[in-house]
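Biologist: I am new to this model and would like a close look at one part of its surface. Please start with a single charged residue there, then work outward to the rest of the chain.

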Amino acid sequence: MDERDVRLLKAIADLGTGSPEALHEETDIPVSTIHYRLNNLRESGVIENDLYDFDHEALGLGVTVIVEVLADYDDSHEEFAERLLEIEGVTGAFFTMGETDFVVIARLSSSDTVERLISEFEAIDGVERTNSTFTISTLRDESRAPATYDLDTLIEELTE
């Protein structure tokens with residue numbers, strides 16, 4: 001990746017769009033070059049998709065629950081995690097080090113549905129205990145990490 005790629009990725013993160021015209025206005029990189037570089041970034045796996053982001057609150061899934069899962073399992077952590085990921089509402093999961101084995105993020109429609117979520121986790125063979133935390137408010141939920149960095153920092157850390 002070079003500086004132009006990083007500038008494009010930062011602009012995508014800041015603008016929330018991959019529109020070549022909007023990216024040109026933001027970066028002054030020619031539209032034809034933007035098309036070429038976006039294709040290369042897709043092919044290399046840096047850009048995964050062109051999906052729209054959702055406002056979970058406006059959608060009706062405004063209750064965010066963070067669940068720590070402590071488990072004792074015989075299969076691999078990937079196989080065990082698959083069972084966690086099958087539960088409706090789970091939007092993210094992380095395999096961790098320390099006392100907690102997994103941290104799971106779920107988006108739910110109401111606090112009433114948390115009981116269902118926890119019951120489903122605890123029904124999984126190998127789950128020893130869960131610790132759940134309701135979020136009061138979302139301070140940041142940025143899926144595009146470059147938006148949280150200064151452009152100069154990204155260029156320094158990511159370019160060859």
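Modeller: Glutamate 128 counts as exposed, because its relative accessibility is 57% and the cut-off for exposed is over 50%. Keep in mind that this is a predicted model. Glutamate 128 sits in strand E4, which covers residues 127–134. On the surface, Glu128 joins Asp72, Asp74 and Asp125 in a patch of negative charge.

Now take another acidic residue, aspartate 75. Its side chain meets that of arginine 83 in a salt bridge, 2.9 Å from N to O. Aspartate 75 is partly exposed at 27% relative accessibility. Arginine 83 is partly exposed too, with a relative accessible area of 29%. Elsewhere, Asp2, Asp5 and Arg37 form one network through salt bridges that share partners.

Look at one link in that network. Aspartate 2 and arginine 37 pair through their side chains, at 2.8 Å from N to O. Aspartate 2 lies in the segment before helix H1 (3–15) and arginine 37 lies in helix H3 (residues 31–43), so the bridge ties together parts that are 35 residues apart in sequence. Aspartate 2 counts as partly exposed, at 32% relative accessibility. Arginine 37 is buried, with a relative accessible area of 14%.

Helix H1 holds a bridge of its own. Lysine 10 pairs with aspartate 14, and their closest N and O atoms are 3.2 Å apart. The two residues are four apart in helix H1, which means about one helical turn separates them. Lysine 10 counts as buried, at 11% relative accessibility. Aspartate 14 is partly exposed, at 43%. The full count is nine salt bridges.

The surface has a nonpolar patch as well. Met1, Val46 and Leu158 make up about 220 Å² of it. Leucine 158 belongs to helix H7, residues 151–158. This leucine is partly exposed, at 40% relative accessible area.

One more leucine is worth a stop. Leucine 61 is in the loop between helix H4 (56–59) and strand E1 (63–71). Its relative accessible area is 29%, so leucine 61 is partly exposed. Leucine 61 and glycine 89 are 28 residues apart in sequence, with their C-alpha atoms 8.7 Å apart in space.

Step back to the whole chain. It has seven helices and four strands. From the N terminus, the order is α-α-α-α-β-α-β-β-α-β-α. The C-alpha atoms fill a box of roughly 55 × 35 × 25 Å along the principal axes. The radius of gyration is 20 Å, whereas a compact globule of 160 residues would have one near 15 Å. Of the 160 residues, 31% count as buried.

Note on methods
Residues are numbered from 1 along each chain as its sequence is written. This is a predicted model: local features need pLDDT of at least 70, side-chain atom pairs count only at pLDDT 80 or more; totals for chains, interfaces and linings use all residues. Side-chain values use heavy atoms; hydrogens and water are left out. Patches are made of residues with over 30% relative accessible area and no salt bridge: like charges are joined within 9 Å, nonpolar side chains (Val, Leu, Ile, Met, Phe, Trp, Tyr) within 5 Å. Accessible areas come from the Shrake-Rupley method with a 1.4 Å probe; for residues, only the protein chains shown count as cover. A salt bridge is a side-chain nitrogen of Lys or Arg within 4 Å of a carboxyl oxygen of Asp or Glu. Lys and Arg count as positive and Asp and Glu as negative; His and the chain ends are not counted. The place of a charge is taken as NZ of Lys, CZ of Arg, CG of Asp or CD of Glu. Buried means under 20% relative accessible area, exposed over 50%, partly exposed in between (1.4 Å probe, protein chains only). The radius of gyration is taken over C-alpha atoms; the globule rule is 2.2 Å times the number of residues to the power 0.38.
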